[in-house]
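Biologist: I'm new to this one, so could you pick a single part and take me through it slowly? I'd like a close look at a place where two pieces of the chain come together.

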Amino acid sequence: MNFAFSEEQEELRRIVRHFLEDKSPEIAVRELMATEKGSDDAVWNQMAEQMGLQGLIVPEEFGGSGFSYVELIVVLEEMGRALLCAPYFSTVVLAANTLIHSGDDAAKAAHLPRIASGETVATLAFTEDNGRWDEAGITATASPSGSGWSIDGHKMYVLDGHVADLVLVAARTGAGVSLFAVDGDAAGLVRTPLATMDQTRKQARLEFTATPATLIGVDGAGWAVIERVLDLAAVGLAAEQVGGAQKCLEMAVEYAKVRVQFGRPIGSFQAIKHKCADMLLEVESAKSAAYYAGWCASELNDELPSVASLAKAYCSEAYFHASAENIQIHGGIGFTWEHPAHLYFKRAKSSELLFGDPTYHRELLAQRIGI
């Protein structure tokens with residue numbers, strides 16, 4: 001069993017990193033995070049048409065490339081490293097995965113080709129004001145309406161919910177939690193962008209009032225799909241966190257080499273050496289956790305639920321620690337708005353909380369392995 005990346009996967013990493021260095025430099029990130037939309041249509045179209053990134057894990061029969069989750073892990077790691085401002089995570093990791101695992105071929109045929117081509121920006125809306133990530137937190141309701149359904153309720157912390165063309169909504173019916181497709185401009189849907197600490201990843205609150213919707217999959221079987229997608233999303237986010245943590249480590253080490261204090265580089269001081277060594281250990285351990293989780297996700301094996309929670313918990317803490325230590329090693333300049341360290345610090349904190357914080361996932365892990 002070989003867990004090393006293949007030559008093709010390393011080439012994919014090289015190409016994506018080169019693309020993101022060109023299209024998502026710090027200046028572009030700062031410009032986009034200041035806008036309400038939070039992304040660049042030209043770059044989004046290039047990602048789809050020239051790179052095929054939106055269709056990476058979409059099956060070939062639905063217009064995608066049909067690659068495994070391991071390739072997606074490689075791409076997400078590079079996107080986390082570059083703090084890419086684009087609705088990629090919401091569209092591919094959340095929405096496309098939900099459709100792929102929904103068991104609804106009609107819904108796949110209707111939406112996946114447009115996601116793969118970059119024409120559709122999509123997201124998954126399941127969390128509400130209660131801030132819960134489990135099934136009990138879903139209180140929005142759906143009821144039959146004519147030949148379809150209508151949804152009433154609200155959704156909170158919806159990634160890119162204010163710009164999505166397609167919103168996949170979790171709502172309760174008489175049979176239980178079900179999944180529905182709602183057009184972004186549907187009647188009775190009010191979308192409000194949220195003011196967030198991490199401006200590089202936009203969120204929104206959605207209000208549904210008799211909003212027309214189309215059932216996806218089997219009525220009452222929605223939570224089983226969402227649970228699988230949340231595990232896959234946790235793995236994808238762990239890979240993003242690894243990319244960001246690696247960048248923080250590189251920034252800190254480079255600064256420690258060139259910053260001179262008391263006539264010598266600060267990297268020669270034992271306190272700084274220890275910080276960098278601890279960061280390296282945690283980043284490399286996070287890589288191991290994320291990569292193994294990525295392999296489990298590509299195989300969809302029995303280990304996935306427990307490994308997803310393990311990777312999410314560990315990578316969250318490793319990234320946050322690396323981003324904080326990066327600021328400390330930079331000293332005064334690290335605290336300023338002009339330095340990019342705070343961008344990674346804020347992304348690290350928001351990612352730590354997204355889909356449940358480390359404490360939540362350690363509890364979930366304990367339940368899943370029977371402790």
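Modeller: Let's go through the interface of domain 2 and domain 3, starting with where the pieces sit and ending with the residues that make the contact. Keep in mind that this is a predicted model. The domain assignment splits the protein chain into domain 1 (5-118), domain 2 (121-220) and domain 3 (221-367). For the pair we care about, the C-alpha centres are 29 Å apart, and the contact draws on 19 residues from domain 2 and 20 residues from domain 3.

How much area is buried between domain 2 and domain 3? It comes to about 1700 Å², with carbon and sulfur atoms giving 68% of that. On the domain 2 side, have a look at Trp133, Met197 and Arg201: they supply 39% of the area that domain 2 buries against domain 3, more than any other three residues do.

There's a charged and polar side to the story too. Two salt bridges are counted between domain 2 and domain 3. As for salt bridges you can find by residue, the side chains of Asp198 and Arg347 meet in one, at 3.2 Å from N to O. Six residue pairs are in polar contact across the interface.

Now stay with the face of domain 2 that touches domain 3. Strand β5 (residues 176-183) gives the most to this side, with three residues. Sort that side by class and you get 10 nonpolar, four polar and five charged residues.

Conventions. Residues are numbered from 1 along each chain as its sequence is written. This is a predicted model: local features need pLDDT of at least 70, side-chain atom pairs count only at pLDDT 80 or more; totals for chains, interfaces and linings use all residues. Side-chain values use heavy atoms; hydrogens and water are left out. Domain bounds come from an automatic or database domain assignment. Contact means heavy atoms within 4.5 Å. Buried area is the accessible area (1.4 Å probe) that two parts lose on being put together, summed over both. A salt bridge is a side-chain nitrogen of Lys or Arg within 4 Å of a carboxyl oxygen of Asp or Glu. A polar contact is a pair of N or O atoms within 3.5 Å; within protein, one must be able to donate a hydrogen and the other to accept it, and residues adjacent in sequence count only if both atoms are side-chain atoms. Helices (H or I, at least four residues) and strands (E, at least two) are DSSP runs, numbered from the N terminus. Ala, Val, Leu, Ile, Met, Phe, Trp, Tyr, Cys and Pro count as nonpolar, Asp, Glu, Lys and Arg as charged, and the others, Gly among them, as polar.
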